[in-house]
Amino acid sequence: MSATSIAGYLGRRAAQKERVRILYRKALKDTLNWAVHRHLFYQDASELRERFEANKHVEDPDTIDRMIADAEETYNKFRHPDPYIVPWAPGGSKFTRNPTPPSGIEIVYNYGREDND
């Protein structure tokens with residue numbers, strides 16, 4: 001193998017590993033949306049990990065690409081329709097609950113302890 005083909009192979013493998021890592025994290029976070037109780041989540045997370053670990057021995061890049069595409073398709077098909085969003089995060093129930101004050105309004109943070117010079 002030439003140095004160029006080795007570099008291309010290693011680059012492709014690195015990209016595949018990154019896609020698998022991102023897919024695993026997304027699937028694991030989505031598992032939290034489906035499992036209401038932690039003991040259910042731990043069981044589902046363990047099964048998810050086993051599904052990923054079962055294919056870690058595959059070496060053919062084309063097979064890996066096909067498996068990743070199939071897994072991404074399955075993930076998108078079975079994603080939770082109403083995922084949990086932390087209340088203060090964008091899209092959460094408390095996000096921007098208190099809008100920023102209009103311009104010209106001064107906010108005093110020291111609450112009556114101003115310097116009376």
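These exercises, each with a worked solution, deal with rings, pockets and chosen residues in a predicted model.

## Exercise 1: Aromatic pairs

Find the aromatic pairs in the whole structure and classify each one.

**Solution.**

Step 1. Know what to look at. A pair of aromatic rings is described by the distance of the centres and the angle of the planes.

Step 2. Count. The search of the whole structure gives two aromatic pairs.

Step 3. Take Tyr 24 and Phe 52. Their ring centres lie 5.1 Å apart, and their planes meet at 75 degrees. Planes over 60 degrees apart count as edge-to-face. The pair is therefore edge-to-face.

Step 4. Place this pair on the chain. Tyr 24 belongs to helix H1 (residues 3–34), while Phe 52 belongs to helix H2 (residues 38–53). The pair therefore ties together parts that are 28 residues apart in sequence.

Step 5. Take Phe 41 and Tyr 42. Here the ring centres are 5.8 Å apart and the planes stand at 55 degrees. Planes under 30 degrees apart are stacked, those over 60 are edge-to-face, and the rest are tilted. So this pair is tilted.

## Exercise 2: Buried or exposed?

Sort the four ring residues Tyr 24, Phe 52, Phe 41 and Tyr 42 by accessibility.

**Solution.**

Step 1. Set the cut-offs. Under 20% relative accessible area is buried, over 50% is exposed, and anything in between is partly exposed.

Step 2. Apply them to the edge-to-face pair. Tyr 24 has a relative accessible area of 17%, so Tyr 24 is buried. Phe 52 has 24%, so Phe 52 is partly exposed.

Step 3. Apply them to the tilted pair. Phe 41 has 10% relative accessibility and therefore counts as buried. Tyr 42 has a relative accessible area of 53%, so Tyr 42 is exposed.

## Exercise 3: A charge over a ring

Which residue has its charged end over the ring of Tyr 24?

**Solution.**

Step 1. Name the residue. The charged end of Arg 49 sits over the ring of Tyr 24.

Step 2. Give the distance. That charged end is 5.3 Å from the ring centre.

Step 3. Check the cut-off. For Arg, the CZ atom has to be within 6 Å of the ring centre.

## Exercise 4: Two pockets

Describe the largest pocket and the second largest pocket by volume and lining.

**Solution.**

Step 1. Start with the largest pocket. Its volume is about 1000 Å³. Its lining has 30 residues, and the closest to the centre are Leu 23, Leu 48, Arg 51, Phe 52 and Ala 71.

Step 2. Find the elements. H1, H2 and helix H3 (61–77) each give two or more residues to the lining of the largest pocket. H1 has the largest share, with eleven residues.

Step 3. Sort the lining of the largest pocket by class. There are 14 nonpolar, four polar and twelve charged residues.

Step 4. Move to the second largest pocket. It holds about 180 Å³ of space. Its lining includes Lys 26, Asp 30, Tyr 75, His 80 and Ile 85. H1 again gives the most here, with five residues.

Step 5. Sort this lining too. The second largest pocket has five nonpolar, two polar and four charged lining residues.

## Exercise 5: An annotated stretch

Which residues does UniProt list for "domain: Complex 1 LYR protein", and how much helix do they hold?

**Solution.**

Step 1. Read the record. The unreviewed UniProt entry lists residues 19–73 for this domain.

Step 2. Describe that stretch. Residues 19–73 are 82% helix and 0% strand.

Step 3. Compare the ends. The end C-alpha atoms of residues 19–73 are 13 Å apart.

## Exercise 6: Sequence and space

For Gln 16, Arg 97 and Ile 105, give the place, the accessibility and one C-alpha distance.

**Solution.**

Step 1. Gln 16 is in helix H1. Its relative accessible area is 3%, so Gln 16 is buried. Gln 16 and Ile 64 are 48 residues apart along the chain, with 7.5 Å between their C-alpha atoms.

Step 2. Arg 97 is in the segment after H3. Its relative accessible area is 53%, so Arg 97 is exposed. Arg 97 and Pro 87 are ten residues apart in sequence, and their C-alpha atoms are 10.0 Å apart.

Step 3. Ile 105 is also in the segment after H3. At 53% relative accessibility, Ile 105 counts as exposed. Ile 105 and Ala 89 are 16 residues apart in sequence, and 26 Å separates their C-alpha atoms.

Conventions: Residues are numbered from 1 along each chain as its sequence is written. This is a predicted model: local features need pLDDT of at least 70, side-chain atom pairs count only at pLDDT 80 or more; totals for chains, interfaces and linings use all residues. Side-chain values use heavy atoms; hydrogens and water are left out. Rings of Phe, Tyr and Trp (its six-membered ring) pair if their centres lie within 6.5 Å; planes under 30 degrees apart count as stacked, over 60 as edge-to-face and the rest as tilted. Helices (H or I, at least four residues) and strands (E, at least two) are DSSP runs, numbered from the N terminus. Buried means under 20% relative accessible area, exposed over 50%, partly exposed in between (1.4 Å probe, protein chains only). A charge sits over a ring if NZ of Lys or CZ of Arg is within 6 Å of the ring centre and within 35 degrees of the ring normal. On a 1 Å grid over the protein atoms alone, a cavity is a set of points where a 1.4 Å probe fits but cannot get out, and a pocket is an open set with protein on both sides within 12 Å along at least five of seven lines; lining residues have an atom within 4 Å of a point. Grid points are joined across faces, edges and corners, and a volume is the space filled by probe spheres set on the points. Ala, Val, Leu, Ile, Met, Phe, Trp, Tyr, Cys and Pro count as nonpolar, Asp, Glu, Lys and Arg as charged, and the others, Gly among them, as polar. UniProt positions are given in the numbering used here, feature names are shortened, and annotations may be inferred rather than shown by experiment.
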